[in-house]
Amino acid sequence: MKKNLAAKLCLLGLLCVAFVCGVSITIDPYNVFHWSSVRDNGVEPNKNYVKTQYILHHPEKYDTFIFGNSRVGSMDAAKIGDTCYNMYYSEGLPAESYENLRAFLDAGVQVRRVYLGIDDVSCFVDPSIHDDQLIRRPFRADEAGLLFLLDYLDASVALQSLETICAYTGEEPAFHERLYSTGNYYLDTQLTAESLAQEEWPNYFAWYGGEALADIAQIKELCVENGVELVVFVNPEFYVRWDEAVERGYLDFLEQLAQVTDFYSFGGHNSVTCSMENFHDISHYKPQVGDSMIYLLEQGIRETGGRADADARQTWSDTLGDAERQRIESLRDEGFGQYVTAENIQDYLAKLQGGRQ
């Protein structure tokens with residue numbers, strides 16, 4: 001009798017576990033179990049995990065990557081080249097980009113060039129807080145896949161998301177095509193005086209500059225060891241957000257960044273960052289801004305002796321008309337896209353300070 005009872009209890013336990021797993025995997029609000037066929041369900045996927053799995057399962061498809069947080073999502077990877085993929089994900093941090101890149105290289109992905117987008121998120125967000133956020137739980141190269149997925153086998157989380165999923169009617173145009181071709185996002189919003197008034201400095205932001213610089217140094221070292229060209233750039237932000245970051249020590253971070261690596265800066269006060277029409281919100285720039293950045297980065301790479309194979313091929317930048325080229329190049333005269341090194345960092349900082357007066 002006792003044996004039968006134990007067997008029944010064991011069976012009941014297995015059925016409960018199967019039910020919990022089945023509910024979690026079927027609903028899968030963050031799409032970690034459906035990474036190869038992500039559903040646009042109204043809940044933002046864990047794009048770090050989804051995109052990393054996609055690249056690891058298609059190691060031959062891409063050799064150039066854009067890393068960074070959601071701000072770099074407006075940089076159209078296709079305009080850099082048909083083998084470029086945008087790895088952006090929510091609050092993507094250098095420490096996480098390092099893990100992604102290391103996993104790619106270990107898996108045999110022939111990485112040729114990496115674009116790394118840096119901004120205030122990089123130096124004010126501690127990566128450890130993402131461990132408890134299912135939307136941002138980071139992929140780690142040394143972590144077993146099952147261990148990662150265990151956090152998502154929570155039926156209560158899946159069931160709570162059902163209200164959002166069932167109410168969602170705003171499916172994004174070409175959602176799958178973008179995710180599985182360029183990795184870019186689709187946004188269609190406009191920064192206004194009303195939306196600007198609602199923006200606040202995030203209350204969980206705290207100084208993480210020293211650790212972030214060490215993370216960036218690790219990425220640089222990994223790139224050098226593997227013959228990967230690293231292009232670091234500072235994202236533009238609406239000048240109000242930029243000023244808030246500067247008040248909290250952002251320029252100190254940029255000064256130290258120049259000692260770690262050269263970079264292109266698109267921040268500060270200029271005709272791009274001071275115009276609301278260039279932003280979705282206080283920190284996310286629009287695709288036309290991303291296009292200008294791509295053009296200036298391409299020109300800068302050539303001017304500073306970038307790889308010969310990149311110099312030899314025709315790029316999207318080469319197809320622009322003279323008027324558009326002149327318009328974009330005039331932005332660099334304002335400091336938008338300035339190439340910053342350890343040698344000119346003080347002049348650059350002085351220029352930034354002068355622009356705020």
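In this predicted model, ring pairs join Tyr54, Tyr62, Phe65, Phe67, Tyr85, Phe104 and Tyr180 into a cluster. The overall tally of aromatic pairs comes to 25. Two of these pairs are worth a closer look.

One is formed by Tyr30 and Tyr152, whose rings sit edge-to-face, with 6.0 Å from centre to centre and 65° between the planes. Tyr30 belongs to the loop between H1 and H2, while Tyr152 belongs to the loop between helix H5 (145-150) and helix H6 (155-160), so this pair ties together parts that are 122 residues apart in sequence. Both partners are out of the solvent by the burial cut-off, which is under 20% relative accessible area: Tyr30 counts as buried because its relative accessibility is 18%, and Tyr152 counts as buried at 7%.

The other pair, Phe266 with Phe336, is edge-to-face too, at 4.9 Å centre to centre and 70° between the planes. Here again distant parts of the chain are linked, since Phe266 is in the loop between strand S5 (263-265) and helix H13 (287-303), and Phe336 is in the loop between helix H15 (322-332) and strand S6 (338-340), 70 residues apart. Phe266 is buried, with a relative accessibility of 0%, and Phe336 is likewise buried, with a relative accessible area of 0%.

Next come the nonpolar cores. The largest one holds 72 residues, and the members touching the most other members are Ile55, Phe65, Leu101, Val111, Trp242 and Phe253. Helix H12 (residues 250-260) gives the most to this core, contributing seven residues. Phe65 thus turns up both in the ring cluster and among those best-connected core members. Val111 gives a feel for the local packing: beyond its neighbours within four places in sequence, Val111 is in contact with Asp63, Phe65, Leu101, Phe104, Leu105 and Val228. A second, separate core has 31 residues, including Tyr115, Val231, Phe233 and Phe266.

Polar groups also make their way into the interior. Asp40, found in the loop between helix H1 (2-27) and helix H2 (47-56), is buried yet has no salt bridge. The nearest side chain of opposite charge belongs to Arg178 and is 6.7 Å away, whereas a salt bridge would call for a side-chain nitrogen within 4 Å of a carboxyl oxygen. What Asp40 does have is polar partners: its side chain makes a polar contact with the side chain of Tyr168 at 3.2 Å, and a polar atom of that Asp40 side chain lies 2.8 Å from the backbone nitrogen of Glu172. Setting aside residues up to four places away in sequence, Asp40 touches Tyr168, Gly170, Glu171, Glu172 and Phe175.

Asn48 is another buried polar residue, placed in helix H2 and counted as buried because its relative accessibility is 2%. The side chain of Asn48 makes a polar contact with the side chain of Asn100 at 3.1 Å. Asn100 is also one of the residues in contact with Asn48 once neighbours within four places in sequence are left aside, the others being Tyr89, Glu96, Pro138 and Phe139. Over a much longer stretch of chain, Asn48 and His284 are 236 residues apart, and their C-alpha atoms are separated by 18 Å.

Key:
Residues are numbered from 1 along each chain as its sequence is written. This is a predicted model: local features need pLDDT of at least 70, side-chain atom pairs count only at pLDDT 80 or more; totals for chains, interfaces and linings use all residues. Side-chain values use heavy atoms; hydrogens and water are left out. Helices (H or I, at least four residues) and strands (E, at least two) are DSSP runs, numbered from the N terminus. Buried means under 20% relative accessible area, exposed over 50%, partly exposed in between (1.4 Å probe, protein chains only). Lys and Arg count as positive and Asp and Glu as negative; His and the chain ends are not counted. A polar contact is a pair of N or O atoms within 3.5 Å; within protein, one must be able to donate a hydrogen and the other to accept it, and residues adjacent in sequence count only if both atoms are side-chain atoms. Contact means heavy atoms within 4.5 Å. A nonpolar core is a set of buried Ala, Val, Leu, Ile, Met, Phe, Trp, Tyr and Cys residues joined through side-chain atoms within 4.5 Å. Rings of Phe, Tyr and Trp (its six-membered ring) pair if their centres lie within 6.5 Å; planes under 30 degrees apart count as stacked, over 60 as edge-to-face and the rest as tilted.
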